[in-house]
Amino acid sequence: MSPDRPEEQDVATGLSRPGLRGREAELERLRALVEAVRDGEGGAVALLLGEPGIGKTALLQEAVSLARAHGFLVSHGRAEELHELAPLASLASGLLHGDPPLLSGTDFADLAGHHDQRIWLVERLAQLIEERSAGRPVLIAVDDVPWADPLSRFALSVLPARLLSSPVLWLLTGREDPELYGQGPLTTTLPLRALPETALAELARDILGGDLPAHVEELLDGAGGNPFLAAEMLSGIAATGADGPEPPERLVLGVRGRLAGLRPDTLHFLRIGSVLGRAFKLADAAALCGRPASALGTEVDEAIAAALLHDDGERLLFRHDLLRQAVYADLAPSVRRALHREAASRLVAAGRSSGDAVPHLLKSAEPGDMEAIVLLGTAAEDVIAVMPDLAADLAVRALELVPTRAPMAYDVGERAIVALTRAGRYTQARDTGDVLLARQPPLDVFARLQSVLGDALWHLDDVHELTRRTTTALAAVTDPAIRARLTARHALARSRGSDLGAARETGERALAEAERAGDREARVLALWGLGEIALNAGDCAAAVEHHTALSVFDSAFLPEEAVALIHMDDFDAVRRLLRTAGEAPLRPAMLIWAQGTLNMGLGRLDDADADFVTAERLEADLHVPGNLVNIRVNRGLLALLRGDREDAREHLDVVRATVADRPNTGNHATHRYFEAVVADADGDHAAAAELVRSVQRDHPFLRWRLLRPHVVQAVGIALRGGDRKLAEDLAAQAAEHATRNPAVPTAQGTAAHASALVNADQELLQRAVDMLLDGPRPLALAAASADLGRALLTSGDAAAATPALTRAHDLYAQAGADAEAHRVRAELERATSRPGRRTGRLRPRTDQGWDALTASERKVARLIAAGHTNRSAAEALVVSPHTVNTHLASIFRKLAVRSRVHLARIVLAEDDNGTATGD
């Protein structure tokens with residue numbers, strides 16, 4: 001249905017601009033935004049905020065009319081209270097209607113088929129809107145956003161930034177809470193305040209005509225500057241005269257007095273309608289009234305004639321939510337509760353979904369209501385993939401309705417634990433489980449609850465408690481599938497310990513039990529545990545084997561397979577794997593993290609940084625920043641390679657805050673190592689060595705995973721800090737890793753490099769370089785070549801040092817590791833004895849203008865300027881559209897532009913100057 005209907009309109013038909021008295025300034029700002037977007041100034045967001053009846057809808061409708069007059073393609077929708085359980089319903093209310101509609105039914109069906117993948121869905125929706133906006137500007141207006149379903153709210157928080165460069169104007173209305181809308185740059189907030197006396201007087205003259213008696217002006221004070229309430233009150237004056245009751249009573253008369261003149265059957269019908277919501281179907285109201293719909297014609301006609309309802313052809317709607325609230329408030333609380341409960345039962349009996357009935361159950365169900373418990377559980381399962389927080393709330397409410405000693409409490413409670421865990425509410429999941437366990441359930445139920453609690457405990461990083469609970473539950477379990485799951489969780493917990501051999505035996509036993517039981521969940525858990533154990537032990541081949549098997553069972557683990565392959569130096573296999581992920585990967589943030597790790601290994605530092613920025617943004621969009629520490633540590637290490645210590649310290653500040661907020665062993669170890677690298681860069685070598693020592697001492701399970709790619713750097717820190725024993729331990733560790741991974745060139749080369757540094761062995765350094773020449777990692781080769789060149793230079797063989805230093809310099813420079821390239825260049829100048837040349841201080845990168853763009857950003861800029869959409873640009877570059885979004889945001893910031901039109905002009909100018917060609 002289209003929302004273009006009478007809303008917040010003044011009663012008088014002679015008013016030429018209904019509801020806009022006193023809103024001239026706001027209207028002009030909206031007009032300016034419409035014209036700016038039309039003229040190619042990029043996307044924009046406008047928020048109309050204020051109390052009910054203040055005029056938001058009237059102003060929104062006027063903006064819609066302005067946009068249509070300026071050639072916009074318009075989506076005009078309204079969020080409604082009962083949308084909460086219908087994914088994307090609030091946005092769809094406008095996107096599917098219009099002349100022409102912004103989305104076709106086929107487009108929406110495609111989206112609905114992937115509603116369980118929020119990131120993919122929003123990206124696909126952005127692509128569709130981007131394509132529509134290529135020919136004409138677009139306005140997307142959503143009224144009453146606070147009522148929007150969670151998926152629509154998520155989309156509204158992400159899409160404006162995603163479509164910043166496209167001519168799309170977002171116009172949203174709501175109450176005084178801007179945080180609901182994901183405000184960002186280019187957002188215009190228009191708070192609608194109470195109308196001044198002059199505007200109220202103009203409104204009164206529009207309705208009453210002629211000059212206003214002083215008494216009427218005094219009565220208008222009772223409206224509090226609210227135009228809808230003022231209009232309602234004035235309509236009462238027009239009907240009954242100015243000499244009526246005192247202002248407070250008159251205000252009630254204006255809003256609710258019309259109800260008193262209605263027939264009792266009509267009043268009952270309206271009260272039933274108010275329970276069903278602002279918009280309701282006649283058939284639903286008829287069912288609650290206990291009468292056929294055909295018999296309600298008189299009641300409907302009377303309610304419409306009284307200007308209380310509007311008929312849009314599909315549903316009946318209260319003209320304003322304040323009117324519905326007034327009717328609803330007349331119902332006694334017990335009557336409301338009973339009507340909501342009856343509404344739920346009748347909706348279910350009529351074959352409607354649990355989502356239609358649940359909003360009524362939430363307002364009416366009482367403990368012991370078995371139908372409500374079942375329906376709430378069904379609704380939670382229906383929405384958990386796309387709205388996990390809502391699913392958790394529904395599952396918890398279902399559990400609250402179960403009588404304490406009812407046997408079904410354990411099944412309902414188990415589903416609540418799962419939903420809470422999926423929503424990231426791990427502490428609440430654990431506490432919910434502990435309440436159930438305190439009731440001393442049967443032993444098999446006890447074991448099953450401990451099994452589902454394992455996921456929450458893992459995310460809480462409470463591996464000691466996970467170990468204790470799985471051990472206890474394994475002593476009680478008789479169900480083979482639950483036993484296999486518990487054994488697998490036990491193996492996963494032991495992957496964090498020092499005895500990885502015993503952990504591997506547990507994992508293999510879990511896998512065998514899972515296969516015998518034929519339990520898919522147990523098999524996934526066992527393979528996951530074995531993969532974690534192999535990675536922590538530095539057994540790269542075994543890690544690939546287990547993670548490959550795991551991703552076959554569950555494609556959500558594809559990023560783990562990619563990372564395992566990266567540790568094997570099999571970069572070609574990683575590229576192939578990432579291409580197989582398709583358009584709708586289950587964990588896009590982790591997949592892009594894997595892409596960033598690959599680019600870091602390839603020495604493509606700018607691309608790696610863009611990938612990490614993208615992964616962080618996607619995690620922030622989903623409010624699950626589980627990988628934030630690793631992302632920021634890697635970005636900080638990249639910053640140091642470039643010579644940007646200030647940027648590195650900013651990343652370190654984020655890491656410190658994140659670890660303080662969400663402490664876990666992995667984050668703590670990674671944080672300590674990053675602190676060591678920063679301290680070493682600052683010249684505090686003793687402190688840096690102590691930090692590396694603490695990682696070695698306190699986090700043995702992370703040695704292979706954390707220090708494996710950084711062992712040479714860690715050895716250097718130890719030697720500069722005067723801790724030869726630590727350096728020897730690290731080198732021995734690298735040697736063990738090389739022994740485990742004889743087919744991995746990087747493992748062999750870095751082990752030789754680390755040992756050569758400890759023993760000052762020039763010949764071994766040469767062998768390290770030779771090994772790394774066979775590998776795919778240019779930065780590892782550059783580091784070994786630089787150390788070889790320095791050793792040769794120190795021994796007086798400048799001629800032999802020169803090619804090694806030249807290789808190191810060129811590799812660092814090509815990667816964008818400016819700080820390292822600068823250091824090596826200084827040594828290269830010593831080797832070549834070129835007097836008079838000064839290296840000077842490392843010049844910081846420019847951060848504005850065309851020269852500030854990275855090579856990848858220039859490619860994206862030229863594709864977008866040539867007319868590509870984000871999606872087609874991503875296909876041309878063989879990257880994710882999310883990464884193109886990141887590049888485009890950076891391009892816009894560096895070039896200080898706001899639209900594709902502006903970008904095209906700059907690219908054309910650079911081409912004319914000969915600077916953009918060939919990038």
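## Briefing: buried loops and crossing helices

Asn 741 is buried, for its relative accessible area is 2%, and the cut-off for buried is under 20%. This residue belongs to a predicted model. The protein chain has 919 residues, and buried residues make up 56% of them. Its fold contains 46 helices and eight strands. The points below start with the whole chain, then turn to loops, cysteines and helix pairs.

**The chain as a whole**

- Take the contacts in the protein chain with a separation of 6 or more: 66% of them join residues 24 or more positions apart.
- One pair of residues shows such a separation in detail: Trp 850 and Ile 906 are 56 residues apart in sequence.
- In space, the C-alpha atoms of Trp 850 and Ile 906 are 8.5 Å apart.
- Trp 850 sits in a loop, between helix 42 (818–832) and helix 43 (855–865).
- Is Trp 850 buried or exposed? Trp 850 counts as buried, because its relative accessibility is 6% and the limit is under 20%.

**Asn 741 and its surroundings**

- Asn 741 is placed in the loop between helix 37 (724–740) and helix 38 (745–759).
- Which backbone oxygen lies 2.6 Å from a polar atom of the Asn 741 side chain? That oxygen belongs to Gly 538.
- Setting aside residues up to four places away in sequence, Asn 741 touches Gly 538, Asp 539, Cys 540 and Ala 541.
- Under the same condition, Asn 741 also touches Ala 747 and Gln 748.
- Gly 538 therefore appears twice: as a residue touched by Asn 741, and as the owner of the backbone oxygen 2.6 Å from a polar side-chain atom; Asn 741 itself is buried, at 2%.

**Asp 369 and its partner**

- Asp 369 is also a loop residue, between helix 16 (354–361) and helix 17 (370–383).
- Its relative accessibility is 14%, so Asp 369 counts as buried.
- Which side chain makes a polar contact with the side chain of Asp 369? The side chain of Arg 341 does, at 2.5 Å.
- Leaving out neighbours within four places in sequence, Asp 369 is in contact with Arg 341 and Leu 401.

**Cysteines**

- How many disulfides does a search of the whole structure find? The search finds zero.
- Cys 540 is buried, with a relative accessible area of 1%.
- Cys 540 is also one of the residues that Asn 741 touches.
- Cys 289 is buried too, with a relative accessible area of 15%.

**Two loop residues with positive phi**

- Asp 569 is not a glycine, yet its phi is positive, near 65 degrees.
- Asp 569 lies in the loop between helix 27 (558–567) and helix 28 (571–579).
- Asp 569 is buried, because its relative accessible area is 11%.
- Val 878 is not a glycine either, and its phi is positive at about 55 degrees.
- The loop that holds Val 878 runs between helix 44 (870–877) and helix 45 (881–895).
- Val 878 counts as exposed, because its relative accessibility is 56% and the cut-off for exposed is over 50%.

**Helix 11 and helix 14**

- Two packed helices are described by the angle between their axes and the distance between the axes.
- The axes of helix 11 (residues 264–276) and helix 14 (residues 321–329) cross at roughly 110 degrees and come within 9 Å.
- Helix 11 is therefore roughly perpendicular to helix 14, since the band for that word is 65 to 115 degrees.
- The contact uses Leu 270, Arg 271, Ser 274 and Val 275 of helix 11, and Arg 324, Val 327 and Tyr 328 of helix 14.
- The crossing of helix 11 past helix 14 is left-handed.
- Helix 14 is mostly covered, with seven of its nine residues buried.
- Those buried residues are Asp 321, Leu 322, Leu 323, Arg 324, Ala 326, Val 327 and Tyr 328.

**Helix 28 and helix 29**

- The axes of helix 28 and helix 29 (residues 588–601) come within 11 Å and cross at roughly 150 degrees.
- Why are helix 28 and helix 29 roughly antiparallel? Their angle is roughly 150 degrees, and angles over 145 count as roughly antiparallel.
- Helix 28 passes helix 29 in a left-handed crossing.
- From helix 28, Phe 571, Val 574, Arg 575 and Leu 578 take part in the meeting.
- From helix 29, the partners are Leu 591, Gln 595, Leu 598 and Gly 601.
- An α-helix has 3.6 residues a turn, so residues three or four places apart point the same way.

Technical notes:
Residues are numbered from 1 along each chain as its sequence is written. This is a predicted model: local features need pLDDT of at least 70, side-chain atom pairs count only at pLDDT 80 or more; totals for chains, interfaces and linings use all residues. Side-chain values use heavy atoms; hydrogens and water are left out. Helices (H or I, at least four residues) and strands (E, at least two) are DSSP runs, numbered from the N terminus. Buried means under 20% relative accessible area, exposed over 50%, partly exposed in between (1.4 Å probe, protein chains only). A polar contact is a pair of N or O atoms within 3.5 Å; within protein, one must be able to donate a hydrogen and the other to accept it, and residues adjacent in sequence count only if both atoms are side-chain atoms. Contact means heavy atoms within 4.5 Å. A disulfide is a pair of cysteine sulfur atoms within 2.5 Å. Axes are lines fitted to C-alpha atoms, for helices over the stretch in contact, and angles run from 0 to 180 degrees between N-to-C directions. Angles under 35 degrees count as roughly parallel, over 145 as roughly antiparallel, 65 to 115 as roughly perpendicular and the rest as oblique. A crossing is left-handed if the near helix is turned anticlockwise from the far one by less than a right angle, and right-handed if clockwise.
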